[in-house]
Amino acid sequence: MTALSLDVQKLSNYINGEWVEVNNTTAVINPATGEEIVQVPLSEAESVDAAVQAAKKAQKDWALVPAPQRAEVLYRIGYMMKERKERLSQLLTMENGKVIEEARGEVQEGIDMAFYMAGEGRRLFGQTTPAELKDKFAMSQRCPVGVVGIITPWNFPIAIATWKSFPAIVSGNAVIWKPATETPIMAYELAKIFEEAGLPKGIVNVIFGKGSVVGDAMVHHDDIRVISFTGSNDTGRNIASECGKQLKKVSLEMGGKNAVIVMDDADLDLAVEGILWSAFGTSGQRCTACSRVIVHEKVKQTLEERLLAAMDGLSIGNGLDESIKVGPIINQAGIDKIKRYIEIGKEEGARLLAGGYELTEGDHQKGYYFAPTLFTDVSAEMRIAQEEIFGPVVSLISVKSFEEAIDVNNGVTYGLSSSIFTNDVNRVFKAQRDLDTGIVYVNAGTTGAEIHLPFGGTKGTGNGHRDSGIQALDVFTEWKAIYVDYSGKLQRAQIDVES
Ligand code: NAP
């Protein structure tokens, strides 16, 4: 196991291309070992204002840089991330706990996003369209919004930041970024890359600190015109209502209660692999994690047996060890929340088949570990089948038909990801039509999004926006309609049209 160290003991804010120290700090803890990695600033609202003033000034010039040249910086950022991929991945595992294989995957997502959005520098397509009058030209184009705020969670500390900041940068905005206090190291490393890649000063500013202070100051700052937020529903709902009062654009990506459907004709071994990967990867702390398995009653018992056997083989520990499959939970609060749901599940009458307890002995003594857990005989209305637990806990719900499976899948307030295992082509097409989530997988688990497709959910998961894909540009741009009349006379639309 390699243990990397940082070049500083205390992180600083990155404002206008300068590293600005903050006196008040708190420790960043490695969830696998309980050890302190670095100190992170607890900034005040003034830091946000300083960053916004710098960003406003810098953005005016940046917006005038041709988009293909803005993209050149993103290409450099992508190549630098690629060169540093292993370092970034190891630091990511240290601050977040996800196993190194997954950390490498997350960093790769950021690299992919850099190159994909750099390509947008030569597209950023608008429309040209016929005008309804003679000698008149009509088109629409994307324009930057100005200064945008991005607020990111701890569970994907680098990928989500790239989904938001890269489209913002290529479209000519300046960014104020507040990373999660739990996982600030990816933000520090990415800010260094921005600096070395030659991104002009003030175009990305990183302010570390509590959501209730720094995040709140961003939400209420008059000169931040967009908030792009990923995190929990409670926080997102508050942000949305505060933004609503100010008529501020807000993009929300929030929780999930994602299900894998296993039909009676499914390849059960493949389904077990898919469930294992999407339920226990990142210890279930993914917004797209599978936390419900909706299984046809005819194959329920066989699936249970195979799942239990497969779960036996999951090694749990420090994710820097390449042989480990399940890493720690982010912190004690995360463990406590999972424990509460285990009790709720038992009280509701669900049957615990495996796990259900915190691991505190031997190698697990110092970090925050929870045993992969399987409940069965769960009914669709139980709280463990409705609410986001954010841990390695799966609930098995038995159904009698395909139609019932779809209803159970859709019967939650969230709408992020869903999956179906079946070999029946008719069911495949009906499922992709009827599952009401923003992401649908066929014969794969609920995780594994690719960055060039829209990422996000329906219903309580979001508010209609999408991260990544071409759709991410909609968050960070305004549409402008432009009419050029070259007739030399006043032509009135809808009135002077010859009929
Ligand atoms: P969280 O507690 O809502 O925090 C997310 C971010 O918001 C953090 O940076 C946090 O700052 C900040 N924040 C907290 N209070 C705030 C306030 N009053 N104003 C402005 N910002 C504030 O969520 P989390 O526990 O970090 O993340 C887990 C959640 O994210 C889960 O529900 C998961 O499903 C969801 N998620 C969704 C997606 C998706 O794309 N749909 C992807 C990943 C995760 P602090 O650093 O102070 O906490």
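How do the residues of the lining of the largest pocket divide into nonpolar, polar and charged? In this predicted model, the lining holds 16 nonpolar, 17 polar and 10 charged residues. The pocket itself has about 1,200 Å³ of space. It is lined by 43 residues, and those closest to its centre are Pro153, Trp154, Gly231, Ser232 and Thr235. Several elements take part: helix 7, strand 10, helix 8 and helix 11 (332–348) each give at least two residues to this lining.

The next step is to ask what occupies this place. The ligand takes up the space of the largest pocket. Around the ligand, the elements that give two or more residues to the shell are helix 7 (211–220), strand 10 (226–230) and helix 8 (233–245). Helix 7 provides the largest share of that shell, with three residues. Helix 7, strand 10 and helix 8 are thus to be found both in the list for the pocket lining and in the list for the ligand shell.

The shell can also be read residue by residue. There are 28 residues around the ligand, and Thr181, Gly211, Ser232, Met254 and Glu388 come nearest. Sorted by kind, the shell has 13 nonpolar, 10 polar and five charged residues.

Which residues place an N or O atom at 3.2 Å from an oxygen atom of the ligand? In Trp154 it is an N or O atom of the side chain that lies 3.2 Å from a ligand oxygen. In Gly231 a backbone N or O atom is at 3.2 Å from an oxygen atom of the ligand. Ser232 uses its side chain, where an N or O atom is 2.7 Å from a ligand oxygen. The ligand taken alone exposes 920 Å², and 85% of that is buried by the protein. Trp154, Gly231 and Ser232 have already appeared among the residues closest to the centre of the largest pocket.

Apart from the pocket, the model has enclosed spaces. Two cavities of 30 Å³ or more are counted. The largest cavity contains about 70 Å³ of space. Its lining is made of Gly256, Asn258, Gly284, Arg286, Ala289, Ser291, Glu388, Ile389, Phe390, Gly391 and Val393. Four of these lining residues are nonpolar, five are polar and two are charged. Glu388, part of this lining, is also one of the residues that come nearest to the ligand.

The second largest cavity has a volume of about 40 Å³. Lys257, Asn258, Ala259, Arg292, Asn409, Val412, Tyr414, Gly415, Leu416, Ser417, Ser418 and Thr437 form its lining. Strand 12 (258–262), strand 19 (414–415) and strand 20 (417–421) are the elements that give two or more residues to this lining. By kind, the lining of the second largest cavity has four nonpolar, six polar and two charged residues. Asn258 belongs to the lining of the largest cavity and also to that of the second largest cavity.

Notes
Residues numbered from 1 in each chain as written. Predicted model: local features only at pLDDT ≥ 70, side-chain atom pairs only at ≥ 80, totals over all residues. Heavy atoms only, no water. 1 Å grid on protein atoms, 1.4 Å probe; cavity = no way out; pocket = protein on both sides within 12 Å on 5 of 7 lines; lining within 4 Å. Points joined across faces, edges and corners; volume = space filled by probe spheres on them. Nonpolar A, V, L, I, M, F, W, Y, C, P; charged D, E, K, R; others polar. Helix = DSSP H or I, 4+ residues; strand = E, 2+ residues; numbered from the N terminus. Near = heavy atom within 4 Å. Polar contact = N/O pair within 3.5 Å; in protein donor to acceptor, adjacent residues only side chain to side chain. Areas by Shrake-Rupley, 256 points an atom, 1.4 Å probe, with all protein chains shown as cover. Sits in = over half its atoms within 2 Å of the grid points.
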